Amino acid sequence: MVLQSLKNCLWLPCVLRTPKACFWSTASGGLIIQSISNDVYQNLAVEDWIHDHMDLEKQQVLFLWRNSPAVVIGRHQNPWQECNLKLLRQKNIKLARRRSGGGTVYHDLGNINLTFFTTRKKYERMENLKLVVKALKALRPQLDVHVTDRYDILLDRQYKISGTAAKLGRTSAYHHCTLLCNADKFVLSSVLKSPFKGLKSNATPSVPALVKNLFEEDPSLTSEMLLDAIAKEYAVQHQIDHHITLINPADETLLPGISDKTKELQTWEWVYGKTPKFSISTCLNMVYKDSVLDVKVNMDVKHGRIEVCNIDLPEQWLPPGLYSELVKSLTGSKFCPNETTTLVTTLLRLCPQDDELHSRWSLLCENMIRLM
Amino acid sequence: VCIHRVRSCSSIRFIKSKYVCVFDKSALKFSHQQRLFRTSAVSCGQIVQFKLSDIGEGITEVTVKEWYIKEGDSVSQFDSICEVQSDKASVTITSRYDGIIRKLHYSIDDIAFVGKPLVDIEIDASKGVASEEDVVETPPMSHEEHTHQEIKGHKTLATPAVRRLAMENNIKLSEVVGTGKDNRILKEDILNYLAKQTGAILPPSPKAEIVPPHRRAEAVPAAAKDKAHKIPVPVSRPIAFEGKDKTVPVTGFQKAMVKTMSAALKIPHFGYSDEIDLTQLVQLREELKPLAEMRGVKLSFMPFFIKAASLGLLQYPILNASLDENCQNVTYKASHNIGVAMDTEQGLIVPNVKNVQVCSVFDIAVELNRLQSLGSAGQLGTSDLTGGTFTLSNIGTIGGTYAKPVILPPEVAIGALGKIQVLPRFNSKGEVFKAQIINVSWSADHRIIDGATMARFSNLWKSYLENPASMLLDLK
């Protein structure tokens, strides 16, 4: 929980007692809010909510948030291509797809997220990043940080400490960026490396970069200090009080409709189903008895579902009827280990109870499932 | 700039001024045009080319990433049309018009250019059109509440037709709850709001178009002479139901169910049910629960049911068998791999506990915990889901008493357990006492199992559970 931030933030009485009208309508040109939740889905839902519901004409908003371990992919990316899904599942790291474009990032409590909300007309990423750099330099003048023209912030001219993405709607827009304070670099690099081979796709690829934590440069820095420095700079530039209002992303009265948004971000249809069409062309090396079988597999996946599936097995290795049942079942199914496991185990119930057949079937299916 | 002339249809009625509207930027002063389009005439649709507007930051081209509509779809103003991406920014392009999509100028992954046409929309000549800039769309004689879009920092989205309806009925848009996309206020929301105002009693209907009655519905039943008891009779009105059927293909879990159950249908089932008095077992479990918890395991009743079943199968191994396809051979399975039906978000799955015949009740509990957490996380492996020889379904955790379970091939028997009920029963002394009763419903394959075998197995299983101490004698 982000309770440490409490000592840096002032509670507006409005937040606790009065309804949302009072909370949202400050008479100033800006509002700084911070989430008390570390749930990536809840926090992304807050971004959606502000984007959809707030009028940013009179006041712009800075939203500060941190997440417990999660991998966040861009709107048009392919999770199989971008990260090691098996490792994510093993380590219980969440996978989320955000609505803005850009590449994949790893979040944990050592990484802070900043979202700048403005009207569509006032959308200006460079200004926001310069604000962040100014805040960092005010905090630690000796830090060598600067903004590149790819909208990254580099430390010592070589290490990326911040990545950027943006979302533009009809009347409002937001630009969010990360800032590496003290994230677990070991987990970061292992989780963002995909073992997938043979994937062809037009999804936005991520550009890998050398990263470094600000903490490594200056161990006296903490996430809270950085959040506070950025909030202070924002307050100065927008001529508002240096108040950070805490918000609870689960509060339905404050943010009506937020729980639906949170739920939608967690659905399989959103996280995996929004993957642009891709194809897989790979070879399964199956060790069977004393030989190794090379089985070529070709699949087309659209909306996260298998559209076309071809498995090049040696003739009669499986009874042809069973093979066609397998292909028929997989077609139209989610490219998902859970769903495939259910399907293949069900099919096994319906075929002859032959140990040899069962072991071949299990071998093939386990290899197929490992792809997902 | 596209210039189209509206074909003057004979039945267009102009409210205040008569002039032909020309789709020319300079002539499009919105506050006047709005009135022009109040007509009930058949629309003369014309095609408008909707261009990709400026993205900002000097960007001239973007990649089309997703279409939300296809040719032939009808769109409303503010509906999302597509998602484009440019340099880490994802942009949602929304429609400026109400109409029908007639042409998409790009496919997915194409480069689209700012200022060039994105889609062609056939617009309804009778409907309003948003100008190039996001102007507040209201008729000229509106009140302050209607022109001002913001409610204390919130925007109200509503099409011109809805705004007109609100204004006609003197409704403040800020007081209406929008149920459309992006909390947009729909026509139904205005009508619902009106209905509440007039205090009408309306039958509950999620998406019905409700016609508000003009006065409170009252009725005095002819038979009731006592005027003090007036029962309001709901007024039945024809409801225009706007719900649509939704057809989705059968895939995934459902497909698996279809296959399993179709095969199961071929098995001639017979059923056998009985009542078990779990009073002693309940007490035993209460004593053992904290012990199990100390070892980090949640102990439910299932491990006892499963172990008792395995002990029963030792005596009646035909219930743990499998009949081949041609009904030529019966294979008596050596392992008791007892399946446990689990309800997950996606549907029914049946993982099994392997080799129960050599497991203690505690071992079974540990394994069940593992299967349950994997099951809810959607991470069960193929080995957990295959190899089952006998199944128990504890449907009672959800509810129910008696059931008619379906055998899961290639097994030959299955048991469904109802919920535990506290019921009065007679003890050996003829006294009434509080008994913890559960019902079990067995189904078996009548091709190789007869009623007597099932009954004897059930009696044995029942005796183990009603008198748990007897299990100790036969535990292996």
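Here are some questions and answers about this predicted model.

Reader: How many salt bridges are there between chain B and chain A?
Author: Let's start with how the two chains meet: 51 residues of chain B are in contact with 59 residues of chain A. The area buried between them is about 4800 Å², and carbon and sulfur atoms give 47% of that. Charged side chains join in too, as with A:Arg125 and B:Asp87, which meet in a salt bridge at 3.7 Å, N to O. Between chain B and chain A, the count of salt bridges is seven.

Reader: Is B:Glu66, which meets A:Lys274 in a salt bridge, buried or exposed?
Author: Good one to look up in the structure! The closest distance in this pair is 2.6 Å, N to O, and the pair crosses between chains, from strand S2 of chain B to the loop between helix H11 and strand S14 of chain A. A:Lys274 is partly exposed, with a relative accessible area of 24%. For B:Glu66 the relative accessibility is 16%, and under 20% counts as buried.

Reader: How many residues apart in sequence are the parts that A:Asp48 and A:Arg99 tie together?
Author: These two residues form a salt bridge, with the closest N and O atoms 2.8 Å apart. A:Asp48 lies in helix H3 of chain A and A:Arg99 in the loop between strands S4 and S5 of chain A, so the pair ties together parts whose separation in sequence is 51 residues.

Reader: Which strands stand at the edges of the open sheet of four strands in chain B?
Author: Follow the order of the strands, which is S1-S8-S6-S3, with antiparallel pairing. At one end, S3(B) is joined to S6(B) by two bridges, and B:Val75 stands opposite B:Gly99 there. An edge strand has a single partner, so one of its sides is left without a neighbour in the sheet; in chain B this applies to S1 and S3.

Reader: How many residues of H13(A) are buried?
Author: Helix H13 of chain A covers residues 337–349, which makes 13 residues. From first C-alpha to last it reaches 19 Å, close to the expected 18 Å. The helix is mostly covered, and the number of buried residues is 13 of 13.

Reader: What percentage of residues 47–122 of chain B is strand?
Author: UniProt, in an unreviewed entry, lists this span as "domain: Lipoyl-binding". Its end C-alpha atoms are 4 Å apart. Helix makes up 0% of the span, while the value for strand is 55%.

Note on methods
Residues numbered from 1 in each chain as written. Chains lettered and ligands numbered in written order. Predicted model: local features only at pLDDT ≥ 70, side-chain atom pairs only at ≥ 80, totals over all residues. Heavy atoms only, no water. Pairing = 2+ DSSP bridges. Expected span 1.5 Å × (residues − 1). Buried < 20%, exposed > 50% of the residue type's maximum accessible area, 1.4 Å probe, protein only. Contact = heavy atoms within 4.5 Å. Buried area = accessible area lost by both parts, 1.4 Å probe. Salt bridge = Lys/Arg side-chain N within 4 Å of Asp/Glu carboxyl O. UniProt positions renumbered as here; feature names shortened; annotations may be inferred.
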